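Dear colleague,

Please find below the structure that I am handing over to you. My notes on what was found in it follow directly after.

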Amino acid sequence: MSETPGAPVIHADRPGTFPHSVLAERHPAILRQVRDALPYGPGQRRALDALLTECTEGTVEPLPAGAHDRERWQTWGMDTYAGRSWFDVPWLWAESWFYRRLLDAVGYFGPGAWQGVDPFRPSKLAELGSPATDEELAALDDLAGRPEHERARALLHGSLWGNRADLGFRLSAEGAEDKAAVPALVADDSERLWALLGASGTGTLCLVADNAGRELVPDLLLLAHLLAHGRIGRAVLHVKPYPYYVSDATTADVLDAVHRLTGAGGAAAGYGRELRAALTDGRLTLRAHPFSCAPLPYQDMPDDLRADFAAAAVTVLKGDLNYRRLVGDRHWPATTPFDEATGYFPGPVAALRTLKSDVVTGLDAGTEAALTAAGGQRWRTGGTHALIQVRT
Ligand SMILES: O=P(O)(O)OC[C@@]1(O)O[C@H](CO)[C@@H](O)[C@@H]1O
């Protein structure tokens with residue numbers, strides 16, 4: 001773990017703060033949701049109950065000697081934090097630890113019959129199969145007749161606002177952009193992103209995915225478009241190696257999403273076929289690196305991942321958690337330059353994120369003041385605002 005100096009690391013120890021509410025309220029609610037989602041047996045239910053007590057009142061208990069990833073978690077700080085209250089370790093660490101322990105409780109890592117069963121799959125499938133997703137996919141038919149650059153921009157906004165599970169590519173009668181969403185952008189470096197994704201490109205785009213379902217679908221649509229129109233030669237989609245933060249995308253979720261697209265008919269099916277072809281011929285590859293579920297900032301990424309990102313024309317990181325890990329989960333002044341916070345990143349990097357936690361960099365002072373004047377600090381966590389930031 002790096003000892004990088006910087007703004008103070010975020011902890012969850014102060015009642016009344018957003019991080020505290022995640023540990024004290026959101027995690028217990030997730031445990032209840034998981035209990036209800038699948039018919040787990042008595043042993044799994046006891047383990048979920050024990051985890052509830054441990055994460056709210058107890059201390060960090062190290063993984064047992066036989067755990068397959070014990071050594072990895074030791075390098076990720078487990079021994080340092082063992083014995084401390086979950087509220088007294090870095091918030092990012094406590095959250096990642098929660099999902100690792102939850103999967104243990106339901107037998108995800110096995111051995112046994114429940115090995116590999118995603119506790120969040122019922123909710124992911126419900127979202128993917130919802131009428132709202134039908135509507136959003138049908139909106140692709142309206143997009144089909146537009147010029148390529150308009151489609152590309154609409155799909156980029158779909159991917160961005162998909163982070164709020166709200167696909168921005170749905171066209172209004174007036175034009176190609178979502179009129180309500182665009183003014184909510186607190187930083188917009190999209191033209192710099194398009195400069196990296198030129199009109200004809202042979203380069204590789206790394207897209208570090210966030211949520212499955214209604215976020216992953218527009219991410220895939222964007223990749224399909226960029227590949228089909230030769231803006232990039234290859235894409236590498238980074239997904240999680242195991243279920244994480246409830247809805248984060250795994251390989252199984254990508255396959256479900258592609259299946260959903262091909263079965264949808266209309267323009268959506270065309271995107272689905274393009275994705276299947278790209279996966280089959282190697283233009284689109286999936287990567288499920290263990291570090292994608294690490295409780296650490298990207299500054300601490302291992303060399304093989306660094307090499308992947310270094311070789312890309314641009315790496316696009318989706319969502320709030322990836323943003324926290326990109327700039328560091330710290331109380332940065334909002335005007336801290338994005339270029340400075342991401343200076344360590346081994347190549348051009350872009351963040352596409354709706355704001356759902358306190359961390360933010362790269363705002364100008366006027367924007368920050370206007371946001372705060374309009375409603376205190378709620379803009380930081382409410383998911384009502386978004387940003388596209390790029391460092392070349
Ligand atoms: O990465 P995502 O899906 O955009 O957001 C993850 C998130 O919901 O989880 C954290 C709270 O648990 C917050 O940082 C953030 O709001």
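**Findings**

Tyr245 is found in the loop between β3 (234-238) and α11. Please bear in mind throughout that this is a predicted model. The phi angle of Tyr245 is near 40 degrees, which is a positive value in a residue other than glycine. Tyr245 counts as partly exposed because 18 other C-beta atoms lie within 10 Å. Val246 lies in the loop between β3 and α11 as well. Val246 also has a positive phi, of about 65 degrees, although it is not a glycine. With 17 C-beta neighbours inside 10 Å, Val246 is likewise partly exposed.

I turn next to the division of the protein. It consists of domain 1 (18-117) and domain 2 (125-391), and the C-alpha centres of these two domains lie 28 Å apart. Their contact draws 14 residues from domain 1 and 15 residues from domain 2. On the side of domain 1 that touches domain 2, α1 and α5 each supply at least two residues. The largest share of that side, seven residues, comes from α5. By class, the side of domain 1 that touches domain 2 has eleven nonpolar residues, two polar and one charged.

The ligand should be considered together with these domains. Around the ligand there are 13 residues, of which the closest are Gly319, Asp320, Leu321, Lys356 and Ser357. Two elements, α1 (18-37) and α14 (319-327), give two or more residues to this shell. The most is given by α14, with four residues. Six residues of the shell are charged, four are polar and three are nonpolar. Where does the ligand lie with respect to domain 1 and domain 2? Both domains give residues to the shell, so the ligand lies between them.

Within domain 2, a pair of helices may also interest you. The axes of α10 (residues 216-228) and α11 (residues 251-262) come within 10 Å and cross at roughly 70 degrees. Since angles of 65 to 115 degrees count as roughly perpendicular, α10 is therefore roughly perpendicular to α11. On the α10 side, the contact is made by Leu216, Val217 and Leu220, and on the α11 side by Asp253, Val254, Ala257, Val258 and Leu261. The residues of this contact comprise seven nonpolar, no polar and one charged.

Several loop positions complete these notes. Gly58 lies in the loop between α2 (42-57) and α3 (70-75). It is partly exposed because it has 13 C-beta neighbours inside 10 Å. Although Gly58 and Phe87 are 29 residues apart along the chain, their C-alpha atoms are separated by 9.6 Å.

Asp88 is placed in the loop between α4 (78-81) and α5 (91-105). Asp88 has 13 C-beta neighbours inside 10 Å and so counts as partly exposed. Leaving aside its neighbours within four places in sequence, Asp88 is in contact with His11 and Asp13. From C-alpha to C-alpha, Asp88 and Arg14 are 9.6 Å apart in space, while in sequence they are 74 residues apart.

Finally, a cis peptide bond joins Gly110 and Pro111, with omega at about 5 degrees. Pro111 is found in the loop between α5 and α6 (121-128).

With kind regards

Methods
Residues are numbered from 1 along each chain as its sequence is written. This is a predicted model: local features need pLDDT of at least 70, side-chain atom pairs count only at pLDDT 80 or more; totals for chains, interfaces and linings use all residues. A residue is near a molecule or strand if its C-beta atom, placed from the backbone, lies within 6 Å of it. Ala, Val, Leu, Ile, Met, Phe, Trp, Tyr, Cys and Pro count as nonpolar, Asp, Glu, Lys and Arg as charged, and the others, Gly among them, as polar. Domain bounds come from an automatic or database domain assignment. A residue is buried if 20 or more other C-beta atoms lie within 10 Å of its own, exposed if 12 or fewer, and partly exposed in between; C-beta atoms are placed from the backbone. Axes are lines fitted to C-alpha atoms, for helices over the stretch in contact, and angles run from 0 to 180 degrees between N-to-C directions. Angles under 35 degrees count as roughly parallel, over 145 as roughly antiparallel, 65 to 115 as roughly perpendicular and the rest as oblique. Two residues are in contact if their C-beta atoms, placed from the backbone, lie within 7 Å.
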